[in-house]
Amino acid sequence: MTTLRSEDWSVRPSFVPNGPTSPVVLLADDAGLTQLAGIPAVAWQTPWSEISNLELVRFASQMALFGTVGGVRYCWRHRELTDFEKIRALVLEHGGVVTHRRRRVGVLVIVAIVVLVSFAGGIAAWFNRGSGGAKELADARAVNLTLKDLPSSWFTSSNSVLDALVPAAGVVYTSTTTTAPAKNSSFDTAAQVFQTCLGVTNKSDRVYGAAGQQSDYQVSSPVFNTNSLGGIELASTSQYYHTTTMVRKDTKEMSRKNFGECFVDSSAALILSGLGATNSGTPGATNWQPVTFTKGYSRGGVVAFQVPGVTTKLQLVMVIITKGHYEITLSALVGSFAKSQSLLANIVNTLLSRTSTSTSKVV
């Protein structure tokens, strides 16, 4: 049995509301995994039998450890590869998986998180601002899709092209005003496509640009998959904002007549650029206005594009929903938009209705 003491980690979300998220020391023995978090350190010990879906992801010079405890997906991050081999042995001993992300794919995942947070308001916003508000976080979780919302033929997916746009399920991102991730070519390409298409400057752009605001909380659903209706993969990402005024300001930019086509075009450019494909915009992007029955704003776009390594063209569908304190992104990859359009519109209605009730339960 591998024993371990590894320092200088951070964790998201915190184990208790307003709890410490760094510095974190991980200890492991026969009994379970122990986390020492904060100064002075607070200890949480979890038996191995209560930890599921262990996954260790290695990037070029960093690593991330994922595990589900009590229905919550936790992510521990380390900015170096210190103790990687020991962590790897530990994960494999307990039935987990170890994956290696090529540099360009690792960059793509980080950029995807940045894009989603910047869309909800401000690319300087996804690191460490430990904020209170357990109710607001619970509401942000509750509006997302669950497997119960979908027909019986659906299942969760652990390997999807949408992983490039949707952060890990259940991981909570809180905003900060002090730390901004470095830009890179994938992000710059997507930003240029969007801003050129919409006709806005970087200074005034609230999606990719400098005018964005920070959400208090961001959390995503798992990626859900079905082989029916031509094949569909989809996920939702919800964001809770401190004031409704912040959401209204974002909605004003989203209300431009070509917003849907510009946003889906830039999302496709982000995927393709991150995968090493030269892309400066995908021809044929169109707006899509889902038919909704609940008061609120929604706007979408659809574009067909060729993913490297996939023999047939797929269609990317992106829908933005705003109401009250919430902004929700629905991301979908479909084999046939014509076959899936009705289902996607129903899902938009489900998400929009939850911005009023926030009573759904996460599965």
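Buried residues account for 54% of the 363 residues in the chain. The model is a predicted one. Its chain contains seven helices and 17 strands. Among contacts with a separation of 6 or more, 65% are between residues 24 or more positions apart. The accessible surface of the chain is about 15,400 Å², and carbon and sulfur atoms hold 53% of that area.

**Strand S13 and its partners**

Strand S13 covers residues 232–240, and nine of its nine residues are buried. Burial applies to both faces of the strand. On one side are Ile232, Leu234, Ser236, Ser238 and Tyr240. The other side carries Glu233, Ala235, Thr237 and Gln239.

S13 pairs with strands S11, S12 and S17, as listed below.

| Partner of S13 | Residues of partner | Sense | Bridges | Residues facing each other |
|---|---|---|---|---|
| S11 | 217–220 | antiparallel | four | Ser220 and Thr237 |
| S12 | 223–226 | antiparallel | three | Phe224 and Leu234 |
| S17 | 326–334 | antiparallel | nine | Tyr326 and Tyr240 |

The residues named in the last column can be set against the two sides of S13. Thr237, which stands opposite Ser220 of S11, is on the side of S13 that also holds Glu233, Ala235 and Gln239. Leu234, which stands opposite Phe224 of S12, is on the side with Ile232, Ser236, Ser238 and Tyr240. Tyr240 has Tyr326 as its bridge partner in S17.

S12 and S13 also form a hairpin, with five residues between the two strands. Leu229 is in the turn of this hairpin.

**Backbone points in loops**

Leu229, in the loop between S12 and S13, is not a glycine, yet its phi is positive, at about 55°. Is Leu229 buried, partly exposed or exposed? Leu229 counts as partly exposed because its relative accessibility is 36%, and the partly exposed class lies between under 20% for buried and over 50% for exposed.

Asp83 also has a positive phi, near 70°, and is a residue other than glycine. Asp83 is found in the loop that runs between strand S7 (72–78) and helix H1 (84–93). With a relative accessibility of 23%, Asp83 therefore counts as partly exposed.

Two cis peptide bonds involve prolines of the loop between strand S1 (4–12) and strand S2 (24–28). One is the bond from Arg12 to Pro13, with omega near -10°. The other joins Ser22 to Pro23, with omega of about -10°.

**Cavities**

How many cavities of 30 Å³ or more does the structure hold? There are three cavities of that volume or above. The largest cavity has a volume of about 50 Å³.

The lining of the largest cavity consists of Phe15, Leu33, Thr34, Gln35, Trp44, Thr46, Ile51, Val69 and Trp76. Strand S3 (32–37) and strand S4 (42–47) are the elements that give two or more residues to this lining. S3 gives the most, with three residues. By class, the lining of the largest cavity has six nonpolar residues, three polar residues and no charged ones.

Technical notes
Residues numbered from 1 in each chain as written. Predicted model: local features only at pLDDT ≥ 70, side-chain atom pairs only at ≥ 80, totals over all residues. Heavy atoms only, no water. 1 Å grid on protein atoms, 1.4 Å probe; cavity = no way out; pocket = protein on both sides within 12 Å on 5 of 7 lines; lining within 4 Å. Points joined across faces, edges and corners; volume = space filled by probe spheres on them. Nonpolar A, V, L, I, M, F, W, Y, C, P; charged D, E, K, R; others polar. Buried < 20%, exposed > 50% of the residue type's maximum accessible area, 1.4 Å probe, protein only. Pairing = 2+ DSSP bridges. Contact = heavy atoms within 4.5 Å. Areas by Shrake-Rupley, 256 points an atom, 1.4 Å probe, with all protein chains shown as cover.
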